[in-house]
Amino acid sequence: MQISDQILAMKDDCVKIRRDLHRIPEIGFELPQTHEYIRPLIELTRPDELKVLAGVGLKAVYYAKGADRTIAFRADMDGMKNTEENRFRFRSRHKGVMHGCGHDGHMTILLLLARWIAQNREKLKCNVVLLFQPGEEGWGGARKMIDEGALTSPKVDRIYGLHLWPTVPMGKIGIRWSNLMAQTSDFEIKVHGKSAHASTPQMGIDAIVVAAELITMIQSVITRDVDPHQDALLTLGKIVGGTSHNVIAEEVTMSGTLRVFSNELYDKLMRQIIALLKGLEMATGAGISMETIVHYPYVANPRPMVEKFYTVLDSMDDVVLVEPVMAAEDFAEYQQEVEGMFMFLGVNGGRGGAPLHSSKFDFDEEVLLVGVEAFKRILESENYA
């Protein structure tokens with residue numbers, strides 16, 4: 001994608017902002033340093049309104065004279081729990097936390113878009129809302145932003161977002177209409193048994209044995225109860241239980257995730273899992289409880305929005321048609337409220353080559369200018385919608 005001179009002129013600041021943010025990753029809604037860094041940069045662009053949402057999130061509004069439409073762009077702010085193994089000078093300063101999912105890049109793109117808006121206010125024919133959202137990494141931050149007014153006053157008509165993506169060629173936009181990213185439900189299951197000495201197992205209810213049976217049964221839900229032509233994934237990624245080698249375990253806790261692209265299939269699988277839990281309770285005498293920790297809808301792009309986006313490209317070589325992925329994104333929450341389009345910005349072939357959430361994840365900052373250009377072109381096209 002050919003990048004305009006105005007955007008190219010931001011290259012040095014692009015590198016600086018991204019690396020500054022990379023040094024100070026924070027978790028969930030506890031983002032004081034991130035908030036303190038980006039707020040003055042937004043204020044320099046002189047938005048008409050600047051509001052704090054979700055504790056540390058920000059909503060910047062730029063009004064266009066006489067406009068009757070509002071377009072929003074969103075960037076997520078939080079890092080993730082991981083110890084960074086990169087050794088460059090701008091690596092994380094916060095022990096056990098890093099920007100391993102590219103959110104430092106997402107914020108940089110939106111900050112540079114804000115600068116472009118400030119330089120071109122007279123050209124705007126629609127209102128613009130920029131959303132800096134905390135708590136994307138499993139904290140439900142999008143819903144909290146929405147509940148506090150992210151999409152109202154002014155009423156947002158359409159929203160756009162993107163994610164850096166290591167499997168898309170560097171500088172290309174990965175997109176598709178319909179299903180793009182999976183619906184996800186992260187859950188926790190607790191098995192409550194009865195403790196006893198290992199020499200008298202008949203006096204207890206072994207939570208580990210019950211949990212082992214439950215693991216096998218749950219996995220069969222996907223392999224035997226789902227049409228092979230439907231995409232579904234269930235992973236139990238964590239199990240904790242027991243206190244000693246010679247004690248019957250009283251409690252086991254399991255955590256997992258269920259991912260699908262259909263509300264109907266999701267409801268069916270949850271009913272099946274709950275039925276298995278109740279049946280195993282009756283069979284063993286154990287108590288089994290299940291709690292949903294976080295639930296995101298699936299990301300699905302409206303075809304007209306994707307087709308319109310094609311018109312802002314220099315050529316079809318700028319874009320890659322991607323397959324649906326099982327990763328989840330709470331951008332889907334915004335799409336439940338208004339029309340929204342989400343896309344991938346390719347970083348494959350750039351610096352590092354590590355996947356998302358890797359302790360060595362990194363990328364070339366130059367690709368962020370492509371993201372700014374893409375958002376700028378979307379905004380320019382919306383001016384004439």
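Helices here are DSSP runs of H or I, at least four residues long, and strands are runs of E, at least two long, both numbered from the N terminus. With that in hand, here are the close-ups of this predicted model.

**Figure 1. The whole chain, before we zoom in.** The predicted chain carries 10 helices and 18 strands. Its C-alpha trace spans about 80 × 45 × 40 Å along the principal axes. A compact globule of 385 residues would have a radius of gyration near 21 Å, so the 23 Å of this chain agrees with that expectation. Buried residues account for 54% of the 385 residues. Sequence-distant pairs feature strongly too: of the contacts between residues at least 6 apart in sequence, 81% join residues at least 24 apart.

**Figure 2. An open sheet of four strands.** Follow the strands in the order 12-14-10-15 and you have walked across the sheet, whose pairing is antiparallel. Strand 12 (232-241) and strand 15 (287-296) are the edge strands, each pairing on one side only. From one strand to the next, the twist averages 20 degrees.

**Figure 3. Where strand 12 meets strand 14.** This view settles on one antiparallel pair, in which strand 12 and strand 14 (residues 251-260) are joined by nine bridges. To find your place, look for L233, whose bridge partner in strand 14 is R259.

**Figure 4. Two helices on the sheet.** Helix 6 (residues 207-225) lies across strand 10 (183-192), strand 12, strand 14 and strand 15, and runs at about 170 degrees to strand 12. Helix 7 (residues 263-284) also packs on the sheet, where it touches strand 10, strand 12, strand 14 and strand 15. The direction of helix 7 makes about 160 degrees with that of strand 15.

**Figure 5. Helix 6 from end to end.** Helix 6 has 19 residues, and the distance from its first C-alpha to its last is 26 Å, close to the 27 Å expected at 1.5 Å a residue. At the start of the helix, a side-chain oxygen of D206 comes to within 2.9 Å of the backbone nitrogen of I208.

**Figure 6. The buried residues of helix 6.** Look here for A207, V210, A211, L214, I218, V221 and I222, the buried residues of the helix. An α-helix has 3.6 residues a turn, so residues three or four places apart point the same way. What do the buried residues of helix 6 pack against? Their partners are strand 10, strand 12, strand 14, helix 7 and strand 15.

Key: Residues numbered from 1 in each chain as written. Predicted model: local features only at pLDDT ≥ 70, side-chain atom pairs only at ≥ 80, totals over all residues. Heavy atoms only, no water. Pairing = 2+ DSSP bridges. Axes fitted to C-alpha atoms, helices over the stretch in contact; angles between N-to-C directions. Contact = heavy atoms within 4.5 Å. Expected span 1.5 Å × (residues − 1). Buried < 20%, exposed > 50% of the residue type's maximum accessible area, 1.4 Å probe, protein only. Polar contact = N/O pair within 3.5 Å; in protein donor to acceptor, adjacent residues only side chain to side chain. Rg over C-alpha atoms; globule rule 2.2 N^0.38 Å.
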